[in-house]
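The following exercises train the reading of a protein model, each with a worked solution. Please keep the sequence and the structure in view while working through them.

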Amino acid sequence: MKIRFQKGKEGKATIVWMRDAGTREVFRASAFFVSHDLTHYAVETNLGLKNAFYGLMAQGWEIEDFGRKDPITNKTLPLPLEAGIAEAIVGLIQLEQGGRLTPKDTATIIEEERAKGGYADIPLTEASLNTIRETANNLIAQWEALEADSFFDLDFEG
């Protein structure tokens, strides 16, 4: 799947997922979601996740599928375990990016979660976290340097 991050005028952005099957999904994104989705890309590609946000998008999920509610109970339908873990890691990295957590804080939170049985099969190490941080920061810097009416593409092997 190819993911296009396109910068419009006046801070507007569009993210387009072009699936290998030929279908597309388009999302008009705020600056928050661009940063969030670039951080997702860093997490999922560096950890080899296939059933988190980008993997699900590659499989044909649409944006509306995330947070979909059961029509009978009106409760949000659960996501695959990998998707929840990826979202948690993205949240921690974004808190670091915003200066509200340190890498040490993140490591402590992850170890506490592991002690409760979380992140069991995820290859999350200090080295992988550092690679995720570096990848996310580089992608965000690439986005910020992009001129209006320009784009860049990323490939995701889903």
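**Exercise 1.** Determine how β2 is joined to β3, and which residue of β3 stands opposite M18.

*Solution.* Step 1: β2 and strand β3 (residues 24-29) run antiparallel and are joined by six bridges. Strands here are DSSP runs of type E with at least two residues, helices are runs of H or I with at least four, and both are numbered from the N terminus. Two strands count as paired if DSSP finds at least two bridges between them.
Step 2: opposite M18 stands R24 in β3.
Step 3: the two strands make a hairpin with five residues between them, and G22 in its turn has a positive phi of about 100 degrees.

The model is predicted: local features need pLDDT of at least 70, side-chain atom pairs count only at pLDDT 80 or more, and totals for chains, interfaces and linings use all residues. Residues are numbered from 1 along each chain as its sequence is written, and side-chain values use heavy atoms, with hydrogens and water left out.

**Exercise 2.** State how confident the prediction is.

*Solution.* Step 1: pLDDT is the predictor's confidence in each residue, from 0 to 100.
Step 2: the protein chain has a mean pLDDT of 94, and 100% of its residues reach 70 or more.
Step 3: among the elements, strand β1 (residues 2-7) has the highest mean, 98, and helix α4 (residues 103-115) the lowest, 92.

**Exercise 3.** Give the order of the strands in the open sheet, and explain why one side of β3 and of β4 is left without a neighbour.

*Solution.* Step 1: β1 and β2 pair in the antiparallel sense over six bridges; Q6 has T14 in β2 as its bridge partner.
Step 2: the four strands form an open sheet in the order β3-β2-β1-β4, with antiparallel pairing.
Step 3: β3 and β4 (150-155) are at the edges with a single partner strand each, so one side of each lacks a neighbour in the sheet.

**Exercise 4.** Is strand β2 enclosed or open to its surroundings?

*Solution.* Step 1: a residue is buried under 20% relative accessible area, exposed over 50% and partly exposed in between (1.4 Å probe, protein chains only).
Step 2: six of the six residues of β2 (residues 13-18) are buried, so the strand is largely enclosed by the rest of the structure.
Step 3: A13, I15 and W17 lie on one side, T14, V16 and M18 on the other, and both faces are covered.

**Exercise 5.** Check the span of helix α1 (residues 31-47) and describe its burial.

*Solution.* Step 1: the expected span is 1.5 Å times one less than the number of residues.
Step 2: the 17 residues of α1 should therefore span 24 Å, and the end C-alpha atoms are 24 Å apart, which agrees.
Step 3: α1 is mostly covered, with 12 of its 17 residues buried; among them are V34, L38 and Y41.
Step 4: G48 follows α1 and has a positive phi, near 70 degrees.

Methods: Contact means heavy atoms within 4.5 Å. Axes are lines fitted to C-alpha atoms, for helices over the stretch in contact, and angles run from 0 to 180 degrees between N-to-C directions.
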